[in-house]
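Trainee: I would like to learn how to read a structure that is new to me, one feature at a time. Could we start with a strand and its neighbours?

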Amino acid sequence: MTSRAPEFDYVIIGAGAAGAVIASRLSELPDATVALLEAGPADKNANIHRPAGLFRLFDGDLTWNYRTVPQIHADNREMLFLQGRVLGGGSSINGQVFTRGCPEDYDRWAHEEGCPGWSFTDVLPYYRKSENNDLLAGAYHGTDGPQAISTMAPDPLTRVFVQGCQQAGIPYTADFNGASQRGSGFYQTFTRHGRRCSTAVAYLDGARKRANLTIRTNCIAHRILIEHGRAVGVEISHGGHAETLRATREVIVAAGAIGSPRLLLHSGIGPADHLRELGIDVRADLPGVGENLQDHLDVDIVFAVDSGFGFDKLKPSHRMLWAGLQYVLFGTGPVTSTIVEGGAFLSVDSTSPTPDTQFHFLPASGLEPGVPPVPTGSGCTLNTYFLRPKSRGSVRLKSDDPTDEPLIDPAYLADHHDLEMSVKGVKMMRKIMTQPAFEAVGAREHFPGRGVETDDDIAAYVRAHGRTSYHPVGTCRMGTGDLAVVDASLQVRSINSLRVCDTSIMPSLVSSNTNAAAIMIGEKASDLIKESREDIGMSVRYDEDDD
């Protein structure tokens with residue numbers, strides 16, 4: 001006798017920055033049963049929760065270790081393209097930088113890209129609802145939400161950076177998320193009391209006690225079940241065994257800008273020709289699934305500084321041991337730093353009405369894949385990206401096997417304007433790093449160094465060393481027209497009871513890091529889902545699997 005498939009009102013696929021939010025908010029409904037599925041493990045790795053531990057999370061089972069297809073406009077390189085694969089998703093492994101983008105980003109969505117209800121006026125209440133800020137308040141900030149936002153004490157070398165920015169003509173700002181984004185300063189962070197505050201911590205730690213919420217880790221979603229044009233569940237594998245979970249109300253896909261289109265395509269939702277080529281039955285011909293991929297292309301420079309400055313001074317084992325002991329015993333010291341401490345937003349193109357370029361300063365060197373350390377002594381790293389790239393890529397399937405990695409093509413630098421803006425960004429970084437504030441600490445360029453001087457030299461450097469900023473969006477874009485995948489309520493076109501609710505729905509990139517925007521999307525999606533539900537009685541159930 002075949003056992004009946006487990007049944008829930010809502011099945012959420014992906015427990016990342018958005019999915020964890022939605023699971024928490026929907027489980028606030030006492031008569032709704034919610035299942036939250038995550039492909040990766042629980043967030044038990046200690047380095048997740050130590051802010052400075054983020055640079056130890058690039059390898060292992062906490063990420064999808066994707067690589068792009070060869071990038072035609074970037075020396076045909078296959079680039080590393082990591083995505084979170086753990087409870088909390090990217091919010092558990094990212095740089096913990098709290099930025100939202102500028103109001104014009106969301107007004108563009110609403111008024112130019114066919115997304116009514118998503119203007120800045122519409123989304124600001126959800127930003128404030130999520131936020132628990134330890135310093136800022138007022139019209140732009142919340143102080144009683146679940147998501148901790150903290151103001152950290154920066155390293156002295158980060159203070160040098162902010163002084164250098166001001167000397168280069170970039171004024172100081174105390175708030176990148178206020179009335180104006182423009183300026184230089186210190187990033188607020190997704191941390192509290194010296195620990196990372198991911199959405200798994202902020203939203204799930206309390207919600208997991210609810211009897212109506214089931215959290216299952218190490219569950220790989222293979223395809224969405226569709227019957228008579230309606231999503232009714234999902235096929236998964238767990239521990240090598242195939243299972244089916246049924247959804248009586250909605251299936252909610254929150255697997256990110258790579259995982260969400262991948263799952264839709266394997267479910268027969270996407271460009272019909274592509275699906276037929278792979279032998280996948282077409283359930284809905286939606287040509288926009290997997291299209292419109294956007295990402296910020298990051299370019300780094302590395303400077304050596306006098307010994308004793310920054311976090312490189314901790315590289316000797318005895319100093320690293322002391323920093324670890326200080327953290328364990330007192331919860332203080334270098335381990336509480338996110339390392340990505342300082343930043344700036346400015347227009348390197350004088351015609352840009354809002355900042356077009358962002359910078360991140362790290363008072364250390366050699367921490368990220370492909371970015372070299374200074375060979376001896378101390379160093380620091382500054383990176384930049386053009387905020388609104390024009391290049392558009394895609395996510396496609398390699399085969400009909402759900403376990404095959406997808407074909408990821410960000411199409412970096414396909415639009416020449418992106419390259420021109422990246423070159424201007426590198427030139428501005430050098431201007432900042434050669435100001436008197438940096439001269440006082442003996443700053444000298446290590447990478448790229450001499451031989452990269454002209455615009456053509458810098459362009460070649462960008463093509464050879466540009467890398468992902470881990471900000472992919474847009475592959476299930478919201479809006480109207482043939483390439484729109486979801487409408488403004490995030491419902492998938494042509495399929496009932498199916499929504500996509502993560503950064504893949506962005507029609508265009510926000511002008512900043514994307515974690516805060518993903519949380520906002522989760523908050524707004526939760527209200528959209530609640531508004532559409534019927535008021536009927538439901539049973540409750542809880543059975544977490546954190547193995």
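Mentor: Let us start with one pair of residues: Ala-344 has Phe-359, a residue of strand S19, as its bridge partner. Please keep in mind throughout that this is a predicted model.

Trainee: How many bridges join strand S18 to S19, and do the two run parallel or antiparallel?

Mentor: Strand S18, which covers residues 342–346, is joined to S19 by 5 bridges, and the two strands run antiparallel. S19 is also joined to S20, again in an antiparallel arrangement, by 6 bridges. One pairing you can look up there is that of Leu-362 with Thr-381, its bridge partner in S20.

Trainee: How should I think about the two sides of such a strand?

Mentor: The general idea is that side chains in a regular strand point by turns to one face of the sheet and to the other. For S19, one side carries Thr-357, Phe-359 and Phe-361, while the other carries Gln-358, His-360 and Leu-362, and all of these are buried, which leaves both faces covered. Counted over the strand, which spans residues 357–362, 6 of its 6 residues are buried.

Trainee: What share of the residues in the protein is buried?

Mentor: Of the 547 residues, 62% are buried. The protein has 13 helices and 25 strands, and its C-alpha trace spans about 75 × 50 × 45 Å along the principal axes.

Trainee: Why is a radius of gyration of 23 Å said to agree with a compact globule?

Mentor: The value is compared with what the chain length would suggest: a compact globule of 547 residues would have a radius of gyration near 24 Å, and the protein has 23 Å, so the two agree.

Trainee: How many salt bridges does the structure hold, and how do I read one of them?

Mentor: There are 23 salt bridges in the structure. To read one, look at how far apart the charged atoms are, at how covered each partner is, and at where the partners sit along the chain. Take Arg-25 and Glu-28, which form a salt bridge with their closest N and O atoms 2.8 Å apart. Arg-25 has a relative accessible area of 11%, so it counts as buried, whereas Glu-28 is partly exposed because its relative accessibility is 36%.

Trainee: Which parts of the chain does the salt bridge between Glu-243 and Arg-216 link?

Mentor: The N to O distance in the salt bridge between Glu-243 and Arg-216 is 3.0 Å. This pair links distant parts of the chain, with Glu-243 in strand S13 (residues 241–253) and Arg-216 in strand S10 (residues 213–216), 27 residues apart. Glu-243, at a relative accessible area of 22%, is partly exposed, so it lies on the other side of the 20% cut-off from Arg-216, which is buried at 13%.

A second pair from strand S13 reads in a similar way: Glu-250 and Arg-499 meet in a salt bridge with an N to O distance of 2.6 Å. Here the link again joins distant parts of the chain, from Glu-250 in strand S13 to Arg-499 in strand S25 (residues 498–500), 249 residues apart. Glu-250 is buried at 8% relative accessibility, and Arg-499 is buried with a relative accessible area of 2%.

Salt bridges can also share partners, and in this way Arg-25, Glu-28, Lys-129, Glu-523, Asp-527 and Lys-530 are joined into one network.

Trainee: What is the volume of the second largest pocket, and which helix gives the most to its lining?

Mentor: For a pocket, ask about its volume, then its lining, then the classes of the lining residues. The second largest pocket has a volume of about 580 Å³. It is lined by 20 residues, of which Ala-52, Gly-53, Arg-56, Met-320 and Val-335 are the closest to its centre. Helix H9, residues 317–330, gives the most to this lining, with 5 residues. By class, the lining of this pocket holds 13 nonpolar, 3 polar and 4 charged residues.

Trainee: And how many cavities of 30 Å³ or more are there?

Mentor: There are 4 of them, and the largest cavity holds about 100 Å³ of space. Among the 13 residues that line the largest cavity, Asp-295, Leu-297, Pro-389, Tyr-412 and Asp-418 lie nearest its centre. Strand S20 (378–386) and helix H10 (416–433) are the elements that give two or more residues to this lining. The lining of the largest cavity divides into 8 nonpolar, 3 polar and 2 charged residues.

How values were computed: Residues are numbered from 1 along each chain as its sequence is written. This is a predicted model: local features need pLDDT of at least 70, side-chain atom pairs count only at pLDDT 80 or more; totals for chains, interfaces and linings use all residues. Side-chain values use heavy atoms; hydrogens and water are left out. A salt bridge is a side-chain nitrogen of Lys or Arg within 4 Å of a carboxyl oxygen of Asp or Glu. Buried means under 20% relative accessible area, exposed over 50%, partly exposed in between (1.4 Å probe, protein chains only). Helices (H or I, at least four residues) and strands (E, at least two) are DSSP runs, numbered from the N terminus. On a 1 Å grid over the protein atoms alone, a cavity is a set of points where a 1.4 Å probe fits but cannot get out, and a pocket is an open set with protein on both sides within 12 Å along at least five of seven lines; lining residues have an atom within 4 Å of a point. Grid points are joined across faces, edges and corners, and a volume is the space filled by probe spheres set on the points. Ala, Val, Leu, Ile, Met, Phe, Trp, Tyr, Cys and Pro count as nonpolar, Asp, Glu, Lys and Arg as charged, and the others, Gly among them, as polar. Two strands pair if DSSP finds at least two bridges between them. The radius of gyration is taken over C-alpha atoms; the globule rule is 2.2 Å times the number of residues to the power 0.38.
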